[in-house]
Amino acid sequence: MSVQVEPMEEKNMIRMTIEVPAEEFESALQESYQKQKNDFSMPGFRKGKIPRNVIEQMYGPGIFYEEAANILIPTAYNDALKECEEDIVSRPLVDIVQIEKGKPFIFSAEVAVRPEVTLGQYEGVEVTEMDATPTEEEIMADIDRERENNARIIAVEDRAIEMGDTAIIDYEGFVDGEPFEGGQDENHSLEIGSGSFIPGFEEQLVGKNVGDEVDVNVTFPEEYHAPDLAGRDALFKVTIHEVKTKEIPELDDEFAQDVSEFDTVDEYKDSVREKVAERKAGEVREKQQEEAMEQIIAASEIDIPDAMIDSQCENMINRMAQQLAGQGLSLDQYMEYTGTNLDEMKEEIRPDAEMQIRNELVLDAIAEAEGIEITDEDIEEELEKMAAMYQMDVEQLKSYLDEEETENMKLDLASRRAYEHIGDTMKPVSRVITEKEEDTEEEAPNEAADDAESEPEAAEPAADDTEETEE
C-alpha cells in the first residue's frame, strides 16, 4: 500500500491518496463474492453454487466492486493514518479514484488536520472583580435545605389537602368517555404543586380529603407528544387514599447537634458560613476563568476547517443520542417530538461545536507554551481518584484503558493544568458593568427556560417519563 499526501486549497485540509495493490483488491472481490453468492439465482445452478465468473459475465465485472471497496477502505485508511505524520482531526470524505479488476484499487480521503494556534495574551488577563462574601440569605438557604432533608413525613388526618402535601391516589383518564392507554395508575404518589401532572390537575385536589372520589377535568397541552391526546379535554376519576406532609425540624441547638459536630446553632451557622464562602469562592474563580478564557480565545488566531467542526457536531449528537438512550428515547423520537431534523440539529449546535474546538486548541497551545508535561505518576494519581469515585480497584480500572485512552487522559490533564494556570495568573479588577451586559445577564435565565420547554413531555397525566407506561 502507498500513501500520497497533498495540501488542499482550504487551509488545514489535506487529501490522502491511498493505493491498494491489485492482489489485495482481488482478494476483496473474492470475499465480496462469498458474501453475496447466495443472493443470485440462475437456471442450471444450485443457489450459492454459481461461479463468480458466470455472475460477472451476466451482471458485469463491477457487480462486486461496491462491497469490495467497503471491505478495503476501513483497513486501508487506518493503515494510512499510521503512515501519515499529520494530526487528523476529522472524519474522512472518501472518493474512489480507480476501481477496476486486475488493477490497484485507489481512493482519496479528504481530512482536516489540527490547526496551528497563534496565542494572544494568556497570562495576567484582566477579569471582573467579584465579591465572594456569603449573604445571610445564602447561609439560611443552605440551612433550610438541610432542614428539608431532615424533615419527617407524617400522615395528615385532620385537614384537607394543601399545596406541598403528597397525595396517594388511584386515577383513570377518559377522553370522550373512553379510557386511553397510559392514563391510569394505582397508589400513585403525587406531590401537590410539583407540576408533574397536566396543568390544572393538581390544583383540583387542593381542599379534598382522604377517601374523597374526585372528577378532575383538564385539557392536554397543544404540544403534547401523543398526537391523539394533544389539545383534547379529558376527565380523570381520582380516589384519594392517603395524604402526607413534611414536618420541618426547628432550627435550634438540638437540630444543630443532630446534623453537625457542633453543640449550638451559632456554631453550626458559622460552619455553614465557611462552607458557603468556600463554595462561592470556587464559583467566582470559575466565572473569572471563563471570562479570561473568552478573552484569550478572542485574542488568538485559529483557522478551523469546516470538516473539523462537522466532526465535532456529529460527536456531540452521538453523545446526545447515548444520553437519550439511557432515558429510553431514541434520537429519531426526540427529533419527532421537537419537530426538528438532523441537519437542523447540526446547524443549531454548530456555534457550540466551534467554541469547544477553539477552547480545546487554545488550552493545548497554552500547555505546550508552558511546557506542561503529564507523567506516569500523574496518571496513576488520576486513576486512583477515578477508582475511588467509581468504587473500583485501580488495577481493574487500568485493565479497561488502552494506550489511546491513556494518551487522552494525559491531554485532558494537561488542558486542566493550563486552565488552572490561567486562573492563577489572571488579575481581577473593578469595572463598571454596562447596561448591555446587565440586559444580557437578565436574559440568560429566560434562555435556559426556553431550552427546558423544548424537552418532550410524557404520555400521561404526569410529565414524568419514567411512569408513562403505568398509567
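This dialogue walks through the overall form and the largest pocket of a predicted model.

Me: What helices and strands are in the protein chain?

Reply: Start with the count. The protein chain holds 13 helices and 13 strands.

Me: Is the protein chain spread out or a compact globule?

Reply: Set the radius of gyration against the globule rule, which depends on the number of residues. Here the radius is 32 Å, and the rule gives 23 Å for 471 residues, so the protein chain is more spread out than a compact globule. The C-alpha trace spans about 90 × 70 × 50 Å along its principal axes.

Me: How much of the protein chain is buried?

Reply: A residue counts as buried under 20% relative accessible area. By that cut-off, 35% of the 471 residues are buried. The exposed surface comes to about 28,600 Å², with 44% of it from carbon and sulfur atoms.

Me: What share of the contacts links residues 24 or more positions apart?

Reply: Take the contacts with a separation of 6 or more. Of these, 68% are between residues at least 24 positions apart.

Me: Which residues line the largest pocket, and which lie nearest its centre?

Reply: Begin with volume, then lining. The volume is about 1,000 Å³. The lining has 27 residues, and Ile88, Val89, Arg114, Glu360 and Asn408 lie nearest the centre. By class, ten are nonpolar, seven polar and ten charged.

Me: Which helix gives the largest share of that lining?

Reply: That is α12, with eight residues. Helices α3 (65–83), α7 (306–326), α9 (342–369) and α12 (403–425) each supply at least two residues.

Methods
Residues are numbered from 1 along each chain as its sequence is written. This is a predicted model: local features need pLDDT of at least 70, side-chain atom pairs count only at pLDDT 80 or more; totals for chains, interfaces and linings use all residues. Side-chain values use heavy atoms; hydrogens and water are left out. On a 1 Å grid over the protein atoms alone, a cavity is a set of points where a 1.4 Å probe fits but cannot get out, and a pocket is an open set with protein on both sides within 12 Å along at least five of seven lines; lining residues have an atom within 4 Å of a point. Grid points are joined across faces, edges and corners, and a volume is the space filled by probe spheres set on the points. Helices (H or I, at least four residues) and strands (E, at least two) are DSSP runs, numbered from the N terminus. Ala, Val, Leu, Ile, Met, Phe, Trp, Tyr, Cys and Pro count as nonpolar, Asp, Glu, Lys and Arg as charged, and the others, Gly among them, as polar. The radius of gyration is taken over C-alpha atoms; the globule rule is 2.2 Å times the number of residues to the power 0.38. Buried means under 20% relative accessible area, exposed over 50%, partly exposed in between (1.4 Å probe, protein chains only). Contact means heavy atoms within 4.5 Å. Accessible areas come from the Shrake-Rupley method with a 1.4 Å probe; for residues, only the protein chains shown count as cover.
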